[in-house]
Amino acid sequence: MSRGRGDWLKVIVVGTGAGGATAARELVAKGADVVVLEAGRPFKPLTRKIQWTDSLRRTGLLGSERTISRLFPHMQTTRSKELLLVRGMTTGGSTTISCGNMVRAERGLREIGLDLSEEFGELERLIGISTIPRDRWRPITARMFDAAERLGLDPRPTPKAVDSAKCVSCGLCEVGCASGARWDSRRFLQQVVKGGGTVRTESPVAKVVVEDKRVTEVIVDRKGSIERYKADVVVLAAGGIGTAQILRSSGLPASETLWADIVLTMGGRLEGARQLEEQPMAWYAQREHYILSPYIDILSHWFHKPWRKVPIGDRVGMMVKLQDAANGSVTEKGEVLKRLTVEDMERLDAGMALTKEVMESAGAKGPFVEGMLNGGHLGGTVPLRREEVESMHPSSLPANLYVADLSLVPRSQGLPTMLVTAALALRVSRKIARAQEQH
Ligand SMILES: Cc1cc2nc3c(=O)[nH]c(=O)nc-3n(C[C@H](O)[C@H](O)[C@H](O)COP(=O)(O)OP(=O)(O)OC[C@H]3O[C@@H](n4cnc5c(N)ncnc54)[C@H](O)[C@@H]3O)c2cc1C
């Protein structure tokens, strides 16, 4: 777009995760006047030595998973009965606490006529994708890969946005990458600022104000201290929970179809396995309703009582990441109501049985104990419909209010979701720019 910034109306982007940072970067590149509002603080990885956790953990003094948000406020957890939902609240959103897996996930999108191949390709080239060399896998992970192959599960190395030359194999991607090896969306935010955009942290958006079917203002509420931002176009990218919460608080609809790609990790044991000393999820095997992948669930290790007896060096793990039912809802306060369905549970049981078979075949020993049910791919609360694909604008929202995050994806993926979120945000922001050009 050749127009100068002066011709552009003001765009406010809410959130700096996979969706928000990508949308803001693209809109700035197109010449827009962009202000990004982020609820969290600037991200810092948890670099404190964490060996101390092991003795506290064995005695139960680490407490519940709520402790993690106290030690590491960038990671927020919300419980809905047996399910723990995890998200990043910081610059870079959940990408800063990700494992760096980059897979083209598009379940439910082609069905509504949305083909993101071009955006996927563009982002993969921009970010740089590679796999972890097999000689960097721990021996148990390599043996589990071979076992999965023997069982006909067709495992393959996971595409990663990680520079293996910089990675120190600490295994703690989910508390932030201290070596800078792993991509996260803060790299796009840097380009936003370089391009003249503004990023305001500690700016939690409470709601948008709608007048005459248009959003006129965005309200930031810092514990009662209110700030108002005038906007001509607003892009919500606060994630599956955050975007739904803002919509509800603004008297706008959010769909009760939240999904989370539920993860359950089977914990086994093998003396001296040291599986944590590698990048998590080095490979994955895709089944119809879930993937299997080698993984030590660090939250289960720290906070799940039945896992307490096994020291980290002897822990072996393999996850099932499930395509769960899109049946959750988010309240105005950001509380989540979501349950597992009978079908979800049956599929998880089948996946757990398979993880045990792979682990045993690779030489891991029992007792095999399941970890905590958790989910961190939060989507589906503003599901895009076939008739909205051309405009990329949800018709239930005011004309100048867009969504550019995982909320748009109608169905769970059971696969990594950063790439699809960024691809959607790219498409949405280009539609906004085109609509502005035609205006
Ligand atoms: C532990 C963990 C590991 C993961 N690992 C991977 C992986 O390896 N590969 C992969 O592809 N995916 C992974 N994911 C999932 C992936 O990170 C998310 O699906 C993706 O980041 C979603 O992008 P988003 O823009 O929708 O939301 P997010 O990235 O979560 O961004 C939402 C942003 O909005 C901000 N926000 C929220 N509410 C407000 C508000 N009211 N006002 C202002 N700002 C607000 C948040 O602070 C955040 O910056 C992982 C997720 C978790 C939790």
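Which residues come nearest to the ligand? In this predicted model, 38 residues surround the ligand, and the nearest of them are E38, S94, N101, T417 and M418.

Let's start with the polar contacts. E38 uses its side chain: one of its polar atoms sits 2.5 Å from a ligand oxygen. Backbone atoms join in too. G100 places a polar backbone atom 3.1 Å from an oxygen of the ligand, and a backbone N or O atom of A18 lies 3.4 Å from a ligand oxygen. As for how much of the ligand gets covered, on its own it would expose 990 Å², and the protein buries 94% of that.

Now zoom out to the shell as a whole. Four elements each give two or more residues to it: α1 (18-29), β4 (83-88), α7 (239-249) and α10 (418-438). Of these, α7 provides the largest share, with three residues. If you sort the shell by class, you get 19 polar residues, 16 nonpolar ones and three charged ones.

From here, follow the chain past β4 to T91, which lies in the loop between β4 and α4 (117-127). Is T91 buried or exposed? Its relative accessible area is 8%, and buried means under 20%, so T91 counts as buried. The T91 side chain also reaches the backbone nitrogen of F43, at 2.9 Å. Setting aside neighbours within four places in sequence, T91 is in contact with a list of residues that includes T16, R41, P42, R186, L189 and T201. E38 is on that list as well, and that brings us back to the residue whose side chain lies 2.5 Å from a ligand oxygen.

Note on methods
Residues numbered from 1 in each chain as written. Predicted model: local features only at pLDDT ≥ 70, side-chain atom pairs only at ≥ 80, totals over all residues. Heavy atoms only, no water. Near = heavy atom within 4 Å. Polar contact = N/O pair within 3.5 Å; in protein donor to acceptor, adjacent residues only side chain to side chain. Areas by Shrake-Rupley, 256 points an atom, 1.4 Å probe, with all protein chains shown as cover. Nonpolar A, V, L, I, M, F, W, Y, C, P; charged D, E, K, R; others polar. Buried < 20%, exposed > 50% of the residue type's maximum accessible area, 1.4 Å probe, protein only. Contact = heavy atoms within 4.5 Å.
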